[in-house]
Amino acid sequence: MKNIIVGLGMVLSLFLWSPQVGFCSETYTVTADQLQTLEVNLNQLQANNEQLKNLLNQSSQDLMIASEQSDSLNSQINQLNSQLQESQNQIETLKQQLVVLKQQTATAQQSLQTANEELKSASASFKAYATQQEKIESQLRTQKNLWQIIAGVAVGYAVSK
């Protein structure tokens with residue numbers, strides 16, 4: 001096939017570069033079989049050329065589609081990277097908030113423990129106060145009763161005299 005193409009090219013170049021009028025040159029005659037072979041080869045080359053053009057166009061279209069898809073994927077990658085960065089920032093913020101909340105929880109637990117201890121102390125003081133008040137009330141009742149007896153005896157003595 002390559003030899004035929006080279007031969008065809010040589011024959012065509014002879015026709016195109018042949019000397020014009022004024023030079024002596026040989027005449028070359030092409031037989032009908034040779035002409036038919038040249039035409040077949042030319043038709044085959046044209047068909048091959050059209051097929052290659054079609055393949056080139058298809059490849060170009062495929063390349064354009066792939067380029068668009070690549071751009072779309074790159075855009076999605078950039079968007080996902082942005083979302084990832086935002087998520088990482090939120091995680092970092094939440095970690096900092098967690099540390100603060102742990103400190104606040106520890107402080108609150110300590111405050112709660114102190115309040116419970118003070119509540120126990122206040123409860124004990126209140127119980128001691130209540131006990132002391134009961135004693136005082138008991139003593140006052142006893143004194144009142146004693147004075148009532150003394151007054152009753154004194155009134156009874158005064159009535160009898």
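I began at Val30, which I found in the loop between helix H1 (2-16) and helix H2 (32-160). I noted at once that I was reading a predicted model.

I then looked up how open this residue is, and Val30 turned out to be partly exposed, its relative accessible area being 31%. Since a patch takes in residues with over 30% relative accessible area, I checked for partners on the surface, and I saw that Val30 joins Tyr28 and Leu35 in a nonpolar patch whose accessible area together is about 270 Å².

Next I went over the chain as a whole, where I counted two helices and zero strands. Which share of the 161 residues is buried? I entered 2% for the buried residues, and beside that figure I wrote that the chain exposes about 14,700 Å², with carbon and sulfur atoms supplying 59% of that area.

I turned last to charged side chains. Side chains of opposite charge can pair when their charged atoms come close. My count of salt bridges came to one, and I traced this contact to the side chains of Lys53 and Glu50, which meet at 4.0 Å, N to O.

Where do Lys53 and Glu50 sit relative to each other? I found both in helix H2, three residues apart, so that about one helical turn separates them. I also looked up the accessibility of each partner: Lys53 is partly exposed at a relative accessible area of 41%, and Glu50 likewise counts as partly exposed, at 42%.

Methods:
Residues are numbered from 1 along each chain as its sequence is written. This is a predicted model: local features need pLDDT of at least 70, side-chain atom pairs count only at pLDDT 80 or more; totals for chains, interfaces and linings use all residues. Side-chain values use heavy atoms; hydrogens and water are left out. Patches are made of residues with over 30% relative accessible area and no salt bridge: like charges are joined within 9 Å, nonpolar side chains (Val, Leu, Ile, Met, Phe, Trp, Tyr) within 5 Å. Accessible areas come from the Shrake-Rupley method with a 1.4 Å probe; for residues, only the protein chains shown count as cover. Helices (H or I, at least four residues) and strands (E, at least two) are DSSP runs, numbered from the N terminus. Buried means under 20% relative accessible area, exposed over 50%, partly exposed in between (1.4 Å probe, protein chains only).
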